[in-house]
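This report goes through backbone features, helix packing and pockets in turn. The sequence and structure come first.

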Amino acid sequence: MLENANALKAQFEEALSKVTTTAEIDALRIEYAGKKGLVSSLMNDLKNVPNDQKKEAGMVINQVKQFVEEQIKLKTEELIKLEEQRKIDEAESYDESLPTDLGLGSYHPITLIQREVEDIFSSMGFIVEDYSEIVDDYHCFEALNIPKHHPARDMQDTYYLDNGQLLKTHTSAAQNYIMRKYGAPVRAIFPGRCFRNESTDACHENTFFQLEGIMIDEDISISNLIYFMKTMLSEVFKQDITVRLRPGFFPFVEPGFELDIQCTICHGKGCPSCKNSGWLELCPCGMIHPNVLTYGGIDTEKYTGFAFGLGLTRLAMMKYGIKDIRMLNSGSLKALSQFTDK
Ligand code: FA5
């Protein structure tokens with residue numbers, strides 16, 4: 001009996017050493033450790049062993065049984081791990097025969113123009129800040145001196161959320177946050193995506209980008225504002241473009257201006273891109289209203305400042321000669337990939 005037990009153990013070890021898959025170890029488990037397996041039949045043979053040898057034989061068979069079960073358990077765990085790793089390796093492997101000349105991706109024109117304007121203002125000492133796309137009524141309107149009855153709060157223009165917050169309608173919504181964060185003096189720009197519930201055409205989107213800027217210090221005047229606007233535009237276009245400054249009303253600036261650019265698509269003749277006017281509103285601006293400075297915790301006795309709200313999406317249109325603003329949100333790789341950052 002002892003010889004049989006040892007022989008079975010050796011036979012099992014030999015078979016185990018050849019197992020390479022979980023299916024094979026499962027078959028081996030049934031063959032050796034199953035109810036009708038080889039270890040069980042060895043146990044059945046115990047009844048034929050003389051009584052005085054039964055105890056010792058029983059112990060040996062039990063040891064073989066425990067050995068077989070333990071080894072099967074260990075091998076199964078090892079093989080499961082190996083098979084999982086094999087699956088991961090297969091998933092990560094790639095078909096080397098696939099074409100690799102798919103071409104490089106390209107930056108979206110808005111990303112290109114945003115980076116360019118950020119670089120220009122950074123080189124003039126402005127910090128670049130970020131702000132949420134979901135804002136509250138206070139930051140979007142109240143802190144900007146926009147009274148309750150102002151049309152900008154109209155449901156027609158603003159996407160309100162169920163919780164009372166809203167999608168940022170303009171980047172001016174971050175003015176109060178910047179003033180509270182940095183105090184005065186401060187020079188900051190803050191680009192961002194804006195949302196307005198309006199119908200679209202060649203120069204209007206309901207989702208578009210602006211880039212806001214504020215500069216607050218002692219003795220800041222309109223001439224500082226004009227200097228920075230001129231510098232920014234000449235750096236972006238690197239050629240002569242025609243702009244005009246006219247009075248404009250925004251509750252958060254006084255005085256306020258509209259800075260328009262002559263349409264670079266039709267050169268002022270009038271076309272669908274500029275709604276046949278020859279001009280495109282590009283960058284409203286003005287001197288920050290004292291009420292807005294006060295909301296921002298700025299001492300109005302000591303400081304003045306200017307603010308501007310550059311239409312970044314329209315700037316991209318004018319710089320790259322994009323006739324229809326809707327192309328920029330179209331997701332058309334063919335159209336969007338023609339722009340490079342050179
Ligand atoms: C504003 O949003 C003010 N917050 C700008 C401002 C900032 C004024 C600081 C004074 C001081 P307005 O609604 O005009 O203003 O938008 C500013 C610019 O964003 C426009 O001149 C235009 O270039 C761009 N813009 C506005 N609406 C759209 C639209 N629907 N699609 C594309 N661009 C738009």
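## Backbone features

Asp 219 sits in the loop that runs between E5 and H8. Its phi is near 60°, a positive value in a residue that is not glycine. The model is predicted, and this backbone value, like the others below, is computed from it.

Two cis peptide bonds are described here. One joins Ala 184 and Pro 185, with omega about 0°. Pro 185 belongs to the loop between helix H7 (175-182) and strand E4 (186-195). The other joins Glu 254 and Pro 255, again with omega about 0°. In this case the proline, Pro 255, is placed in strand E7.

## Packing of H1, H2 and H4

Helix H1 (residues 2-17) packs against H2 at an angle of about 170°, and their axes are 11 Å apart. Because angles over 145 degrees count as roughly antiparallel, H1 is roughly antiparallel to H2. On the H1 side, Leu 8, Gln 11, Phe 12, Ala 15 and Leu 16 take part, and they meet Ile 25, Leu 28 and Tyr 32 of H2. By class, this contact has 7 nonpolar residues and 1 polar residue, with no charged residues.

H2 (residues 22-33) also meets helix H4 (residues 51-92): the two axes come within 9 Å and cross at roughly 170°. That angle makes H2 roughly antiparallel to H4. The crossing is left-handed. H2 contributes Thr 22, Ile 25, Leu 28, Arg 29, Tyr 32 and Ala 33 to the contact, while H4 contributes Val 68, Glu 69, Ile 72, Lys 75, Thr 76, Leu 79, Ile 80 and Glu 83. These residues divide into 8 nonpolar, 2 polar and 4 charged. Ile 25, Leu 28 and Tyr 32 of H2 thus appear in the contact with H1 and also in the contact with H4.

## Packing of H5 and H8

Helix H5 (residues 109-122) and H8 have axes that come within 10 Å and cross at roughly 130°. This makes H5 oblique to H8, since the angle falls in none of the ranges for roughly parallel, roughly antiparallel or roughly perpendicular. H5 passes H8 in a right-handed crossing.

From H5, the contact takes in Ile 113, Glu 116, Val 117, Ile 120 and Phe 121; from H8, it takes in Phe 228, Met 229, Met 232, Glu 235 and Val 236. The contact of H5 with H8 has 8 nonpolar and 2 charged residues, and no polar ones.

## The largest pocket

The largest pocket has a volume of about 850 Å³. Its lining is made up of 38 residues; nearest the centre lie His 170, Arg 196, Gln 210, Phe 250 and Pro 284. By class, the lining has 19 nonpolar, 11 polar and 8 charged residues.

Several elements each supply at least two residues of this lining: strand E5 (207-217), strand E7 (253-262), strand E9 (285-288), strand E10 (304-311) and helix H10 (312-320). E7 is also the strand that holds Pro 255, the proline of the cis peptide bond with Glu 254. E5, for its part, precedes the loop where Asp 219 lies.

## The second largest pocket

The second largest pocket holds about 220 Å³ of space. Its lining consists of Ile 226, Met 229, Lys 230, Leu 233, Ser 234, Gln 239, Asp 240, Ile 241, Val 243, Arg 244, Leu 245 and Leu 259. By class these are 7 nonpolar, 2 polar and 3 charged residues.

Helix H8 (222-237) and strand E6 (243-247) each supply at least two of the lining residues. H8 gives the largest share, 5 residues. Met 229 of H8 belongs to this lining and is also part of the contact with H5.

Methods: Residues numbered from 1 in each chain as written. Predicted model: local features only at pLDDT ≥ 70, side-chain atom pairs only at ≥ 80, totals over all residues. Heavy atoms only, no water. 1 Å grid on protein atoms, 1.4 Å probe; cavity = no way out; pocket = protein on both sides within 12 Å on 5 of 7 lines; lining within 4 Å. Points joined across faces, edges and corners; volume = space filled by probe spheres on them. Helix = DSSP H or I, 4+ residues; strand = E, 2+ residues; numbered from the N terminus. Nonpolar A, V, L, I, M, F, W, Y, C, P; charged D, E, K, R; others polar. Axes fitted to C-alpha atoms, helices over the stretch in contact; angles between N-to-C directions. Parallel < 35°, antiparallel > 145°, perpendicular 65-115°, else oblique. Left-handed = near helix turned anticlockwise from the far one by under 90°. Contact = heavy atoms within 4.5 Å.
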